[in-house]
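Colleague: I have some questions about the labels used for this model. Please give the reasoning behind each one.

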Amino acid sequence: MATKFAKFVEWATDSKYIPLGSHCSLCDKKLGFFRTGFWSINAGSLADGALCEKCKARVEQLLATKREWMKASVLQKSSWNLFNTKNMHKMPLQTAKDMIAAKEAVDQESLAAFGSDKTSLFRIEDAIRVEPTAIQVGIARAKRLKNKVVVFGTVERGSFSKNSQVEIEQSNSTESTSVLDAYVYDCEENTIDVCLRANMGKHQLAAGERGWLVLDYESCVEVGNVIVG
């Protein structure tokens with residue numbers, strides 16, 4: 001009986017426990033019953049704070065993509081290098097605030113580097129070439145998409161949609177091209193292969209969304225760089 005009670009206490013006081021009526025430590029939003037309850041489902045916790053669903057998602061995204069937006073030399077010296085999406089509940093609140101501030105500084109640098117005339121910015125986290133078959137996507141689309149580059153990442157501002165004219169900012173050059181299609185990533189099963197086969201989605205990525213851009217481009221694309229439009 002004592003063992004069962006000890007396990008219950010451990011479960012009741014673990015990282016998921018957020019008392020009813022708590023406020024988000026980042027935006028000060030009140031965490032209501034239907035949002036979190038006593039044992040949070042949608043909200044999240046830090047070592048010394050609680051996060052609403054929106055702020056939790058923001059911190060998780062920064063942790064998941066930190067190696068793409070933060071210079072490696074800075075990342076190795078930063079305290080948030082110790083944390084990931086699995087142990088986020090152990091991160092101090094101040095560390096989360098520092099990470100958000102660092103990301104905002106990177107965004108400001110991007111804005112200054114690419115000019116105010118560039119209204120949309122997509123940061124590349126991965127890039128692959130695709131070669132779908134006629135059986136998967138039809139003869140016409142298979143021919144059009146053969147060897148095209150698909151980039152995965154996050155829209156940091158603006159939006160990208162099918163037929164958008166964009167520029168790929170590489171280390172030593174800027175390449176102009178167009179977006180053949182755009183797909184939102186919303187679950188682990190939603191891979192680019194599934195999207196291409198189904199030709200589904202709203203064919204647009206808005207600010208804050210993660211997903212794929214199919215580019216009318218066949219050369220190498222550098223991970224960590226950006227696409228602007």
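Modeller: The turns below take the labels one at a time, and the model they refer to is a predicted one.

Colleague: Why is T95 called buried?

Modeller: The relative accessibility of T95 is 9%, and buried means under 20%. T95 therefore counts as buried. T95 belongs to helix α5, residues 93–114.

Colleague: Which residues is T95 in contact with, leaving aside neighbours within four places in sequence?

Modeller: S79, W80 and F83. Contact requires heavy atoms within 4.5 Å.

Colleague: How many salt bridges does a search of the whole structure find?

Modeller: The search finds 5. One of them joins R123 and E156.

Colleague: What makes R123 and E156 a salt bridge?

Modeller: Their closest N and O atoms are 2.8 Å apart, and the definition asks for a Lys or Arg side-chain nitrogen within 4 Å of a carboxyl oxygen of Asp or Glu. The pair therefore qualifies. R123 is in strand β3 (residues 121–130) and E156 in strand β4 (residues 148–157), 33 residues apart.

Colleague: Which residues are linked with R123 in a network of salt bridges?

Modeller: K103 and E156 are linked with R123 in that network.

Colleague: Why is R123 called buried, and why is E156 called partly exposed?

Modeller: R123 has a relative accessible area of 8%, and the limit for buried is under 20%, so R123 is buried. E156 stands at 21%. Partly exposed lies between the 20% and 50% limits, so E156 counts as partly exposed.

Colleague: How do you know that R210 and E125 meet in a salt bridge?

Modeller: The N to O distance between their side chains is 2.4 Å, and the cut-off is 4 Å. R210 lies in strand β9 (residues 210–215) and E125 in strand β3, so this pair ties together parts 85 residues apart in sequence. R210 is partly exposed at 21% relative accessibility, whereas E125, at 13%, counts as buried.

Colleague: What makes K148 and E218 a salt bridge?

Modeller: The closest N and O atoms of K148 and E218 are 3.4 Å apart. The definition allows a distance within 4 Å, so the pair counts as a salt bridge. K148 is in strand β4 and E218 in the loop between β9 and β10 (226–228), 70 residues apart.

Colleague: Are K148 and E218 buried or partly exposed?

Modeller: K148 is at 11% relative accessibility, under the 20% limit, and therefore counts as buried. E218 has a relative accessible area of 43%, which falls between the limits of 20% and 50%, so E218 is partly exposed.

Notes:
Residues are numbered from 1 along each chain as its sequence is written. This is a predicted model: local features need pLDDT of at least 70, side-chain atom pairs count only at pLDDT 80 or more; totals for chains, interfaces and linings use all residues. Side-chain values use heavy atoms; hydrogens and water are left out. Helices (H or I, at least four residues) and strands (E, at least two) are DSSP runs, numbered from the N terminus. Buried means under 20% relative accessible area, exposed over 50%, partly exposed in between (1.4 Å probe, protein chains only).
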